[in-house]
Amino acid sequence: MSTVSSVKMAGTARVGVTPARVLRSEWHKFWTLRSTWITLSTASVLILGTGLVMAIGHEPAGGGLGEVGDPVVLTLIGVQFGQILLPVLGVLFSAGEYSTGMIRASLCAVPRRLPVLWAKAAVFAAVALAVSSVTVLATFLLAQLFLSDTDMAASLTDPGIAGAVAGTAVALTLFGVLGLGLGALIRSVPGAIGAFFAGAVILPEVLSAVPSSAVQDAVAYFPARAGESLGAVQQHDGALSDGPALLVLCLWALMALLAAGRLLKRRDV
């Protein structure tokens, strides 16, 4: 009997829920979604293509397509597409499970619930950061091949350039994590996408038209404006510096995840 009991206990230990197994499960789920491949590839192509178009069409002193005075902003202006697509992918990865009903199986397998959310966020952030980093770096370097003899010529070794390129990739990643958190919080794909665009994209533009210095100061702390600050070499008046901008984006993403985690613990599926 003792031998049988030992075998059963060993089998139970082997099939137990561990962080590594939860991460592996979420990793497989993430890559089995067609939307993952489509969204990531589309975002990369649009960022790269837009950057090359801007570089090829640029003429010194603002005579062509490039009227932006920042070489990183000019070549990576296509990240605006990524700021739309990555949050949508984050929403699909989290809220999509509620629309298909798969979330019930996930939470039955992981009764403590919260490890599922943290594993989703970790998997998504790792992939988004890797893809964003490769995409923005390749875009900047290729675009500079066409800008080498212009006023927008720049090198990664120039002051502030590498930080702005890296900041762009980090901002894209945090935008996506924010979308994932909203998806887990609202549990509806259309609702979470609508909430993201209304709060993170549209509202800052509306508030920026309000003739109030206090409102203008507050707008700088919205995700879209913080992301712009993090990915620029030349900062506009009233924009956040790199450190505060990074902190703001991290806090937005973290607040969405914490709110989603609290709801996940308190509410039934």
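**Reading buried charges, helices and a nonpolar patch**

Author: Let us begin inside the protein, where K120 is buried and E26 is buried as well; buried means under 20% relative accessible area, exposed over 50%, and partly exposed in between (1.4 Å probe, protein chains only). This is a predicted model, in which local features need pLDDT of at least 70 and side-chain atom pairs count only at pLDDT 80 or more, while totals for chains, interfaces and linings use all residues. Residues are numbered from 1 along each chain as its sequence is written, and side-chain values use heavy atoms, with hydrogens and water left out.

Reader: Before we look at single residues, how many helices and strands does the protein have?

Author: Helices (H or I, at least four residues) and strands (E, at least two) are DSSP runs, numbered from the N terminus. Here there are 12 helices and 0 strands, and from the N terminus on the order of elements reads α-α-α-α-α-α-α-α-α-α-α-α. The C-alpha trace spans about 85 × 40 × 30 Å along its principal axes, and of the 269 residues in the protein, 42% are buried.

Reader: In which interaction do the side chains of K120 and E26 meet?

Author: They meet in a salt bridge, with 2.9 Å from N to O; the term stands for a side-chain nitrogen of Lys or Arg within 4 Å of a carboxyl oxygen of Asp or Glu. This pair links distant parts of the chain, since K120 belongs to helix α7 and E26 to helix α2 (residues 19-32), 94 residues apart.

Reader: With which residue does K120 form a salt bridge at 2.2 Å between the closest N and O atoms?

Author: That partner is E97, whose closest atom pair with K120 is 2.2 Å apart. Because K120 lies in helix α7 and E97 in helix α5 (residues 79-100), the pair ties together parts that are 23 residues apart in sequence. E97 is buried, as K120 is. E26, K29, E97 and K120 are linked in a network of salt bridges, and a search of the whole structure finds 5 salt bridges.

Reader: Where do the partners E205 and R225 lie?

Author: E205 and R225 form a salt bridge with their closest N and O atoms 3.2 Å apart. E205 is in helix α9 (residues 189-207) and R225 in helix α11 (residues 223-230), so this pair ties together parts that are 20 residues apart in sequence. E205 is partly exposed, with a relative accessible area of 45%.

Reader: Which residues does S132 touch, leaving aside those up to four places away in sequence?

Author: Touching, or contact, means heavy atoms within 4.5 Å. S132, which is placed in helix α7 (residues 114-147), touches L86, A169, L172 and T173, not counting residues up to four places away in sequence. S132 is buried, its relative accessible area being 5%. In a similar way we can read T39, which sits in helix α3 (residues 34-56) and is buried with a relative accessible area of 9%; T39 touches L85 and L89, again not counting residues up to four places away in sequence. For the protein as a whole, among contacts with a separation of 6 or more, residues 24 or more positions apart account for 75%.

Reader: Which residues make the nonpolar surface patch?

Author: Patches are made of residues with over 30% relative accessible area and no salt bridge, where like charges are joined within 9 Å and nonpolar side chains (Val, Leu, Ile, Met, Phe, Trp, Tyr) within 5 Å. In this structure W118, L247, L251, L254, M255 and L258 make a nonpolar patch of about 580 Å², and helix α12 (residues 242-266) gives the most to the patch, with 5 residues. L258 lies in helix α12 and is partly exposed, with a relative accessible area of 48%.

Reader: Which backbone angle is positive in R113 although the residue is not a glycine?

Author: The angle is phi, which is about 70° in R113. R113 is found in the loop between α6 (102-109) and α7, and R113 is buried, with a relative accessible area of 18%. R187, which is not a glycine either, has a positive phi of about 65°; R187 lies in the loop between α8 (161-186) and α9, and R187 is buried with a relative accessible area of 12%.

Note on methods
Areas by Shrake-Rupley, 256 points an atom, 1.4 Å probe, with all protein chains shown as cover.
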